[in-house]
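Please open the model in your viewer and keep the selection tool at hand. We will go from stop to stop, picking residues as we go.

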Amino acid sequence: MTINEIQDEIIEEFNDFDDWMDKYQLLIDLGSDLEPLDEKYKTEDNLIDGCQSRVWVQCDLVDGKMQLQADSDALIVKGIVALLLRVLSGHTPQEVLDTDLYFVEQIGLKEHLSPTRSNGLVAMIKQIRLYAYAYNNK
């Protein structure tokens, strides 16, 4: 699937709910389903600056595609990072760099997050793009 097809799928899933409490529950469920990050990757280097919660993102380049793993100590944030992984993991660094993450706006995520969580979301996206940039310029 392309990045945009995955984003469209996420938008459809969130559009099934009218109430934001249900959407938060979906985020919590997504976070609960996320595989825990191996402790060896929970390092200062993988910790995202700018997040109120602790969030770690590990990225490896495998066969030219970014393989992202992540974890957080907060359930909603873990759900947010699970969405980012779903959209971006398994794609080339160039695809990640070229992507407009429109699903964030379309599901209403930014407007329903606290300012600190919203800043954290921006920091997570920035870090993933930095990984993509680094791998793209090797």
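Start by selecting D63, which sits in the loop between β1 and β2. The model you are looking at is a predicted one. If you check the backbone of D63, you will find a phi near 50°, which is a positive value in a residue other than glycine. Is D63 buried or exposed? D63 has a relative accessible area of 77%, so the residue counts as exposed.

Now widen the selection to the strands on either side of this turn. β1 and β2 form a hairpin, with 2 residues between them. The two strands run antiparallel, and 8 bridges join β1 to β2. To see one pairing, select W56, whose bridge partner in β2 is D71.

Stay with D71, as several things meet here. D71 lies in strand β2, and its relative accessibility is 5%. Because that value is under the 20% cut-off, D71 counts as buried. Which residues does D71 reach through salt bridges? One partner is K42, with the closest N and O atoms 3.2 Å apart. This pair links distant parts of the chain: D71 belongs to strand β2 (residues 65-72), while K42 is in the loop between α2 (20-33) and β1 (55-62), 29 residues apart. Another partner is K78, and here too the closest N and O atoms are 3.2 Å apart. Like D71, K78 is buried. Salt bridges that share partners join D71, K78, K42 and E39 into one network.

Follow that network outward by selecting K42 and E39 together. The salt bridge between K42 and E39 has its closest N and O atoms 3.4 Å apart. How accessible are K42 and E39? K42 has 26% relative accessibility, so it counts as partly exposed, whereas E39 is exposed, with a relative accessible area of 58%. Across the model, the count comes to 5 salt bridges.

Before leaving D71, try a distance label. Draw it from the C-alpha atom of D71 to that of Y133; these residues are 62 apart along the chain, and the label should read 22 Å.

Next, move to a group of acidic side chains. Select E5, D8, E12 and D16, which form a negative surface patch. Where does E5 sit? E5 is in helix α1, which covers residues 3-15. With a relative accessible area of 41%, E5 is partly exposed. Showing the side chains of E5, D8, E12 and D16 together will bring the whole patch into view.

For the last stop, select D100. Look for D100 in the loop between α4 (93-98) and α5 (103-106). Is D100 buried or exposed? The relative accessible area of D100 is 52%, so D100 is exposed. Finish with one more C-alpha label, this time from D100 to R117: the two residues are 17 apart along the chain, and their C-alpha atoms are separated by 20 Å.

If you would like a view to save, show the hairpin of β1 and β2 with the side chains of E39, K42, D71 and K78, the members of the salt-bridge network.

Conventions
Residues numbered from 1 in each chain as written. Predicted model: local features only at pLDDT ≥ 70, side-chain atom pairs only at ≥ 80, totals over all residues. Heavy atoms only, no water. Patch = residues over 30% accessible without salt bridge, like charges linked within 9 Å, V, L, I, M, F, W, Y side chains within 5 Å. Areas by Shrake-Rupley, 256 points an atom, 1.4 Å probe, with all protein chains shown as cover. Salt bridge = Lys/Arg side-chain N within 4 Å of Asp/Glu carboxyl O. Lys, Arg positive; Asp, Glu negative; His and termini not counted. Charge placed at Lys NZ, Arg CZ, Asp CG, Glu CD. Helix = DSSP H or I, 4+ residues; strand = E, 2+ residues; numbered from the N terminus. Buried < 20%, exposed > 50% of the residue type's maximum accessible area, 1.4 Å probe, protein only. Pairing = 2+ DSSP bridges.
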